[in-house]
Amino acid sequence: MIEIYKAGNSICTQKVLIVLAEKRVPFTAHDIDLFNNEQYRPEYLAINPKGVVPALVHDGKVITESTLICEYLDDTFSDPRLIPAAPYERVVMRKWSKAVDEGLFEATRELSFSAMFRERMSGMTEAQREKRFTNIGDPNKRARFMSTYELGVESPYVFQAIANYENAFRDMEKALAKDSKGWLAAATMSLADINMMPFVARLAYLQIIDVWTENRPLCRAWWSKVQQLPSFQAAIRDPLTERELETMATSGARIRKRVSERRDDYLALVASAPKAPI
Ligand SMILES: N[C@@H](CCC(=O)N[C@@H](CS)C(=O)NCC(=O)O)C(=O)O
């Protein structure tokens, strides 16, 4: 039996839900309310000591970290194969996983936070907010949350987020140009594409995606294509309520201009240090 601990509109959970939908694996879902701190309940911490979603339990075995969960599901349920067979293509696929885990995840969190969760947190009482911050044991994560809460788009972490997205879209356009099939790592869809879907989708729902894709036709074509997938619809689009879509669109509109200006600042920075882009 497959059980998944998840949260609504959680980007890491969405990766796993796409894989489950592609493979048509039935599962039981347990919803964790992140805004009510359910991730810090002792019974959930016993499953995922980091207090984050998703977590997968398969016949009593616990697997955490969305990238590892996706690979585990592909190793366990082989149809369709989402990890390419050729060793080099596997490396390419895993480079996309690393890009997500080592930068894009935090980039999306910081951008989403500065656009919408910041607003939501400002409506909390001082005590509720304090509790939210002190619950975060990891000092780096706490510093990021506090900076984005205090400074919004002006936070240095948001600048880093904008840079990470710039580099990801630059690499995506290059990768898609190499293969006329329009997938990131192989001739067919792989975990590379699935890893990227929720992270591109979030920018689209915040209505700031064109900051990066306006002059990148291959990225735009990839995004149009993946939105049509039944697995994308089932895992990402269908569960979103009209209210969530509206909140993302209106809060994204508030930060759009500054995001675009800060991207220009990043491009200027790279141009002045052309040998050392991140
Ligand atoms: N590297 C982890 C990150 C998981 C993560 O941070 N999940 C977010 C939701 S997308 C979460 O649970 N946040 C709750 C919190 O930070 O309190 C993964 O890929 O599974």
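Here are some short exercises on the structure above, each with a worked solution.

This is a predicted model, in which local features need pLDDT of at least 70 and side-chain atom pairs count only at pLDDT 80 or more, while totals for chains, interfaces and linings use all residues. Residues are numbered from 1 along each chain as its sequence is written.

**Exercise 1. Which residues come nearest to the ligand, and which helices each supply at least two residues of its shell?**

Step 1. Start with the residues: 13 lie around the ligand, and S10, C12, V52, V53 and S66 come nearest. A residue is near a molecule if its C-beta atom, placed from the backbone, lies within 6 Å of it.

Step 2. Turn to the helices: α1 (11-23) and α3 (66-76) each supply at least two shell residues. Helices are DSSP runs of H or I with at least four residues, strands are runs of E with at least two, and both are numbered from the N terminus.

Step 3. Sort the shell by class: seven residues are nonpolar, five polar and one charged. Here Ala, Val, Leu, Ile, Met, Phe, Trp, Tyr, Cys and Pro count as nonpolar, Asp, Glu, Lys and Arg as charged, and the others, Gly among them, as polar.

**Exercise 2. In α3, which residues are buried, and what covers them?**

Step 1. The buried residues of α3 are S66, I69, C70, L73 and D74. A residue is buried if 20 or more other C-beta atoms lie within 10 Å of its own, exposed if 12 or fewer, and partly exposed in between, with C-beta atoms placed from the backbone.

Step 2. Look down the axis of α3: its buried residues fall within an arc of 135°, so they line one face of the helix. The arc is that of the directions from the helix axis to the C-beta atoms.

Step 3. On the other side of α3, D75 and T76 are exposed.

Step 4. The cover over the buried residues includes α1, β3, β4 (61-64) and α8. Two residues are in contact if their C-beta atoms, placed from the backbone, lie within 7 Å.

**Exercise 3. Find the unusual backbone angles.**

Step 1. Recall the background: most residues other than glycine have a negative phi, and most peptide bonds are trans.

Step 2. Check the prolines. The bond from V53 to P54 is cis, with omega near 5°, and P54 lies in the loop between α2 (42-45) and β3 (55-58). D79 and P80 are also joined by a cis peptide bond, with omega about -5°; P80 is in the loop between α3 and α4 (87-122).

Step 3. Check phi. R24, not a glycine, has a positive phi of about 50° and lies in the loop between α1 and β2 (28-31). R24 counts as exposed because it has 10 C-beta neighbours inside 10 Å. Q207 has a phi near 60° and lies in the loop between α8 (191-205) and α9 (210-213). With 16 C-beta neighbours inside 10 Å, Q207 counts as partly exposed.

**Exercise 4. At what angle do α6 and α7 pack?**

Step 1. Helix α6 (residues 139-151) and helix α7 (residues 156-178) pack at about 100°, with axes 8 Å apart. Axes are lines fitted to C-alpha atoms, for helices over the stretch in contact, and angles run from 0 to 180 degrees between N-to-C directions.

Step 2. That makes α6 roughly perpendicular to α7, a term for angles of 65 to 115 degrees.

Step 3. At the contact, R144, S147 and T148 in α6 meet P156, Y157 and V158 in α7.

Conventions
Parallel < 35°, antiparallel > 145°, perpendicular 65-115°, else oblique.
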